[in-house]
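Please look first at the sequence and the structure shown here, and then read the report beneath them.

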Amino acid sequence: MIAEKETVLVTGGVGYIGSHTTVALQEAGYRVLILDNLCNSDVAVLKAIAKITGEEPCFIEGDIRDRGLLDKIFSNYRIKAVMHFAGLKAVGESAEQPLAYYDNNVNGSLQLLQAMQEADVRTIVFSSSATVYGDPQSLPLTENHPRSATNPYGNTKLMVEEILENLYASEAGWRVALLRYFNPIGAHRSGQIGEAPQGTPNNLLPYVAQVATGRRAQVQVFGADYDTPDGTGVRDYIHVLDLAQGHVAALAYCKQSDGELLTVNLGTGKGYSVLEIIAAFEQASGKHIPYQVVARRPGDIAECWADTEQAYRLLGWRASRTLPEMCEDAWRWEQNRSGQASGG
Ligand code: NAD
Ligand code: UFG
């Protein structure tokens, strides 16, 4: 237990991963201050967090690109560290609107880092992605695998990683964690918070969940002719609460280290195919989930999963939740959410 609560600024904390990490931070004894412009989230999440932890996080509605606002936040609150989730994340949209992605994700990160430097707050945990590995040359993916980007979204992640590496090398005192997420799924087991995509989901799990509730007719399986055991794409799905706990471990590491740059994968080390995910969700929900195999989605890779040794060695952290738990928790959340939607 921490004697005096330290404040962590969580950008994008109303969103999917940020909200679960807020819960984990509060449970670890931190005070959380969220900055979010609500462009992809609903402020009702704050009350849902309070139902879980008994404490509503402080919230400022605003944009990470608003330098004046950032300066005010850093001068009004004693912020110890920043967890930086805020960003746009739809791969397809990033190809249609590259400038919006570079502005939000790269310019937004620059504004944030400049404000941090000015305020002498030099600890940052950044939401990166396995997308920075491009098309894997070898599996499992280790942190020293060459980086490349196949779309503007991935390029924004790669650019911000490089900016943070340059900043770290330029000046003493920075504590930087680059966390490369694999495929976060699932929800808090209370069913209070979870993934709530607007419109048609881009990602597999929320789409499957909406087929299970009957909101969508069938899953489209993007290709069954990959060089994988059943021909469909294989990914390393990780429970969002394991991911959230990985952030708490990364922050603890940053606080203890002599200012080392931390780069770690957050994954489970195990891959599941699209058909295995559909079967697991059928099992968890008790619903039949129809699907149809269609053409490959442009830009998709065949398979990827993480090497998890570095995260375990440096952080003592490993993902522990199983695929059935991920699907059960996602299903509980989806049912609550669709009940709320039809009720309101
Ligand atoms: P999300 O959209 O649910 O959450 C992002 C939050 O940031 C939202 O609440 C949004 O309103 C806010 N936001 C966006 N731009 C902002 C801005 N300019 N100023 C203030 N707030 C802003 O997404 P998520 O799934 O929780 O992802 C969080 C982070 O993790 C993102 O940076 C994403 O790129 C990264 N990531 C996500 C995944 C994934 O599969 N979900 C995988 C790898 C990396
Ligand atoms: N898929 C389908 N049908 C769908 C959606 C997806 O068959 O309706 C397949 C994809 O082809 C892929 C797998 O399900 O084989 C997973 O696809 P997702 O869209 O859920 O996830 P991705 O692996 O493509 O990408 C996600 C995030 C990225 C992040 C990456 C990190 O969307 O932002 O994980 O590994 F970079």
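The report turns first to ligand 1 and then to one helix.

This is a predicted model, in which local features need pLDDT of at least 70 and side-chain atom pairs count only at pLDDT 80 or more, while totals for chains, interfaces and linings use all residues. Residues are numbered from 1 along each chain as its sequence is written, chains are lettered from A and ligands numbered from 1 in the order in which they are written, and side-chain values use heavy atoms, with hydrogens and water left out.

Around ligand 1 there are 27 residues, of which Asp36, Asn40, Ser41, Lys89 and Tyr153 come nearest; a residue is near a molecule if one of its heavy atoms lies within 4 Å of it. The table gives polar contacts of the ligand, that is, pairs of N or O atoms within 3.5 Å.

| Protein side | Atom of ligand 1 | Distance |
|---|---|---|
| Aspartate 36, side-chain N or O | oxygen | 2.6 Å |
| Phenylalanine 85, backbone N or O | oxygen | 2.8 Å |
| Asparagine 104, side-chain N or O | nitrogen | 2.8 Å |

Taken alone, ligand 1 exposes 820 Å², and the protein buries 95% of that (Shrake-Rupley method, 1.4 Å probe).

Asparagine 104, whose side chain contacts the ligand, is also one of the buried residues of helix H5, where buried means under 20% relative accessible area (1.4 Å probe, protein chains only). Helices are DSSP runs of H or I with at least four residues. The 22 residues of H5 (residues 98-119) should span 32 Å at 1.5 Å a residue, counting one less than the number of residues, and its end C-alpha atoms are 31 Å apart, which agrees.

Methods
A polar contact is a pair of N or O atoms within 3.5 Å; within protein, one must be able to donate a hydrogen and the other to accept it, and residues adjacent in sequence count only if both atoms are side-chain atoms. Helices (H or I, at least four residues) and strands (E, at least two) are DSSP runs, numbered from the N terminus. Buried means under 20% relative accessible area, exposed over 50%, partly exposed in between (1.4 Å probe, protein chains only).
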